[in-house]
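The following report describes selected local features of one protein model. The topics are backbone geometry, salt bridges, helix packing and surface character.

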Amino acid sequence: MSRARLFVLRLVVTAMLATLVGRLWFLQVVSGDEYVRAAADVRIRTVALPPTRGQILDVAGRPLVTNRTRPVVTVDAIALAHQPDGGREVLTRLGKLLGRPYGQIAEKVRLCAPQVRQPCWQGSPYEPIPVAEGVTVPVALQIGERQQDFPGVRTDLRPVRVHPGGAAAAHTLGYVQGAKGRDGLEGVYDRELAGRAGRRDVAVDNTGQVTRIIRQDPPVPGNTLVTSIDSRIQAIAEQALGRALTSSGGSSGAAVVLESETGRVVALAGRPAYDPAVWTDGVTAREYKALPLLSQAVQGEWAPGSTWKVASAAAAVTAGYGLGATYDCPSGYTVGNRVFRNFGSADLGLMTMHGALVQSCDTIFYRLADQLWQRGSDALQKTARGFGFGRPTGVDLPGEAAGAVPDPASKKALWRATRAESCRRAGKGYPEMADRGRAAYLTAIARENCRGGGVWRGGDAANFSIGQGGVLVTPLQLARAYAAIANGGTLHSPRVGLRVVRPDGSAVRTITPPVAGRLPASAETLRFIRQALTQVPRSGTAEGAFKGFPFGKIAVAGKTGTAESFGHRDTSWFASFAPDPAYTVVVVLSEGGRGAEGAAPAARDIWEGILGLRERR
């Protein structure tokens with residue numbers, strides 16, 4: 001009996017082993033390729049969960065950039081890709097509901113790639129792409145209730161960036177677009193503002209459809225950036241700049257306000273500007289192309305005109321000229337075979353260097369520059385670079401321009417690079433130009449450069465000494481130099497950021513403007529320059545603009561500048577500072593006319609606004 005049982009047991013075990021082996025053979029041999037494909041069809045994709053971005057505040061804690069929850073229409077790019085027509089019908093239907101053309105919606109949901117130009121979505125294709133924000137309740141309900149008509153389209157409540165000041169300080173604050181698009185403070189302090197993204201791991205099949213959520217970690221909100229911007233003064237600067245451009249007919253411009261002692265930025269205004277709200281639900285190619293994205297205060301470059309003379313005066317002292325010496329200010333000064341004229345060919349007679357700055361005598365500086373050139377001295381260039389010109393200030397904003405301090409080497413290099421074109425134009429001229437006078441002028445320059453240009457001559461030095469002839473500065477560079485004159489010689493690398501604060505209010509770090517150097521001028525020279533500039537708005541070239549100004553309340557000192565630009569109206573400048581409050585204010589108006597008539601009144605507007613006096617005028 002036991003043998004029979006043992007036989008049956010052996011038979012069962014043998015049958016089970018045979019079945020198992022057969023099944024394994026079937027799975028691995030017969031169906032192996034099918035299961036390999038099935039396993040490969042299940043993939044894990046990680047989607048970043050964006051945290052709430054930190055605020056940007058002004059020096060008093062007022063919001064410059066904050067967040068607000070609004071209904072946002074989003075599109076699932078993967079779901080659209082699974083539509084027979086790639087989602088065209090869905091987006092067309094959505095566009096009709098939103099009152100927008102199909103092309104505008106489609107631009108916002110196309111994914112960025114090396115061959116795809118902006119605008120495009122820079123985030124993950126598995127992340128909902130916003131296409132419209134602030135939609136009405138009826139629109140949101142239609143999308144939610146008619147999912148059969150809008151597959152892949154949702155309406156969610158999301159935090160969006162809000163700029164309470166509108167276009168004020170738009171270039172300084174910057175923008176956020178998608179996962180990677182950043183500019184301004186939003187870009188420079190992105191690490192602090194962004195927080196830490198959460199994570200969602202999802203399983204997707206071979207068609208890209210999400211099948212399940214595997215893991216999810218919540219995001220950590222970003223820190224707050226407190227800036228040194230005073231939104232009250234920023235608004236004053238914006239308004240003053242706008243009025244000045246309107247009254248002068250200028251095309252663009254900027255206004256800068258710095259703390260003279262610290263290098264902190266109080267206000268940066270620039271025109272043309274735009275409202276950063278345009279980035280909230282993305283921009284079309286046409287909108288992107290039309291946006292005035294250049295920060296005039298940091299990236300705009302102009303010849304500084306006579307505001308440059310403070311550096312030339314310091315260079316003269318370095319070269320051995322006495323501040324108390326008497327100089328002649330004739331109507332013109334001849335360099336080579338060319339007569340360089342004073343403004344309006346005015347003959348102002350004998351004066352000291354003090355008078356040369358107050359009355360802005362050009363011919364005194366022409367003579368000094370010519371004499372230095374004949375001696376082979378590079379004092380003008382060395383001093384200008386010591387004032388921080390010709391290189392970025394290092395401000396905590398992206399894309400800063402360097403300006404230009406021309407010298408013999410740079411002129412030679414430019415000549416070599418352009419000689420072939422100069423020779424071509426010397427023979428051909430400029431027949432395409434309607435302005436025949438300008439065409440003749442440019443042809444004459446081309447002939448001279450073709451024959452043997454590239455040599456630094458006395459005329460170049462003369463133009464250099466009054467801030468012309470290839471000299472370029474940004475408004476921020478000029479403001480930094482004048483702030484250094486005001487504070488006794490310290491050049492700072494300006495900072496807009498003041499401190500970073502955690503969401504609970506505790507401090508992360510304080511941002512201090514670094515010291516970038518010292519002006520190449522003695523304390524006596526700087527004191528002399530300050531005293532001269534104190535007289536400019538009282539009895540000098542800016543007297544008319546500051547008539548009736550309460551100097552007893554605030555002792556504003558400054559310098560006018562009028563830079564010529566062939567074929568365009570003059571560039572208008574006014575650079576100024578005061579001891580209490582210890583601010584430096586610089587205004588530039590491109591094609592704004594004379595400095596005393598355009599920029600100086602705008603600077604007065606800003607100073608009176610700072611003191612709360614503007615409404616009383």
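Ala-169 is buried, because its relative accessible area of 5% falls under the 20% limit for that class. In this predicted model, Ala-169 is placed in the loop between strand S5 (153–162) and helix H7 (170–173). Its phi is near 60°, a positive value in a residue other than glycine.

Ser-345 also has a positive phi, of about 55°, although it is not a glycine. This residue sits in the loop between strand S15 (338–341) and strand S16 (349–352). With a relative accessibility of 38%, Ser-345 counts as partly exposed, whereas Ala-169 is buried.

**Cis peptide bonds**

Two peptide bonds that precede proline deserve attention in the backbone. The bond from Arg-271 to Pro-272 is cis, with omega near 5°. Pro-272 belongs to the loop between S12 and helix H11 (285–290). The bond from Asp-580 to Pro-581 is likewise cis, and its omega is near 0°. Pro-581 is found in the loop between strand S22 (568–577) and strand S23 (583–590).

**Salt bridges**

How many salt bridges does a search of the whole structure find? The search returns 21. Three of these pairs are listed below with their N to O distances.

| Pair | N to O distance |
|---|---|
| Arg-271 and Glu-238 | 3.9 Å |
| Asp-605 and Arg-243 | 3.1 Å |
| Arg-385 and Asp-407 | 2.7 Å |

Arg-271, which takes part in the cis bond to Pro-272, also meets Glu-238 in a salt bridge between their side chains. This pair links distant parts of the chain, since Arg-271 is in strand S12 (residues 265–271) and Glu-238 is in helix H10, 33 residues apart. Arg-271 has a relative accessibility of 29% and therefore counts as partly exposed. Glu-238, at 8%, counts as buried.

Helix H10 contributes to another of the pairs, in which the side chains of Asp-605 and Arg-243 form a salt bridge. Asp-605 lies in helix H22 and Arg-243 in helix H10, so this contact ties together parts that are 362 residues apart in sequence. The relative accessibility of Asp-605 is 11%, which means that it counts as buried. Arg-243 reaches 38% and counts as partly exposed.

In the remaining pair of the table, the closest N and O atoms of Arg-385 and Asp-407 are 2.7 Å apart. Arg-385 lies in helix H16 (residues 379–386), while Asp-407 is in the loop between H16 and helix H17 (408–428); the two residues are 22 residues apart, and the pair links distant parts of the chain. Arg-385 counts as partly exposed at 33% relative accessibility, and Asp-407 counts as buried at 16%. Elsewhere, salt bridges that share partners connect Arg-53, Arg-161, Arg-182, Glu-186 and Asp-190 in one network.

**Helix packing**

How do the axes of H10 and H22, the helices that hold Arg-243 and Asp-605, cross, and what is the handedness? The axes of helix H10 (residues 231–248) and helix H22 (residues 599–611) come within 9 Å and cross at roughly 155°. H10 is therefore roughly antiparallel to H22, because angles over 145 degrees fall in that class. The crossing of these two helices is right-handed.

A second crossing involves helix H15 (residues 362–374) and helix H19 (residues 458–465), whose axes come within 8 Å and cross at roughly 135°. At this angle H15 is oblique to H19. The crossing of H15 and H19 is right-handed.

**Surface patch**

Which residues form a nonpolar patch on the surface? The patch is made of Tyr-441, Ile-445 and Phe-566, with about 260 Å² of accessible area together. Ile-445 is part of helix H18 (residues 436–452). Its relative accessibility is 31%, so Ile-445 counts as partly exposed. This value satisfies the requirement for patch members, which is over 30% relative accessible area.

Definitions and conventions
Residues are numbered from 1 along each chain as its sequence is written. This is a predicted model: local features need pLDDT of at least 70, side-chain atom pairs count only at pLDDT 80 or more; totals for chains, interfaces and linings use all residues. Side-chain values use heavy atoms; hydrogens and water are left out. Patches are made of residues with over 30% relative accessible area and no salt bridge: like charges are joined within 9 Å, nonpolar side chains (Val, Leu, Ile, Met, Phe, Trp, Tyr) within 5 Å. Accessible areas come from the Shrake-Rupley method with a 1.4 Å probe; for residues, only the protein chains shown count as cover. A salt bridge is a side-chain nitrogen of Lys or Arg within 4 Å of a carboxyl oxygen of Asp or Glu. Helices (H or I, at least four residues) and strands (E, at least two) are DSSP runs, numbered from the N terminus. Buried means under 20% relative accessible area, exposed over 50%, partly exposed in between (1.4 Å probe, protein chains only). Axes are lines fitted to C-alpha atoms, for helices over the stretch in contact, and angles run from 0 to 180 degrees between N-to-C directions. Angles under 35 degrees count as roughly parallel, over 145 as roughly antiparallel, 65 to 115 as roughly perpendicular and the rest as oblique. A crossing is left-handed if the near helix is turned anticlockwise from the far one by less than a right angle, and right-handed if clockwise.
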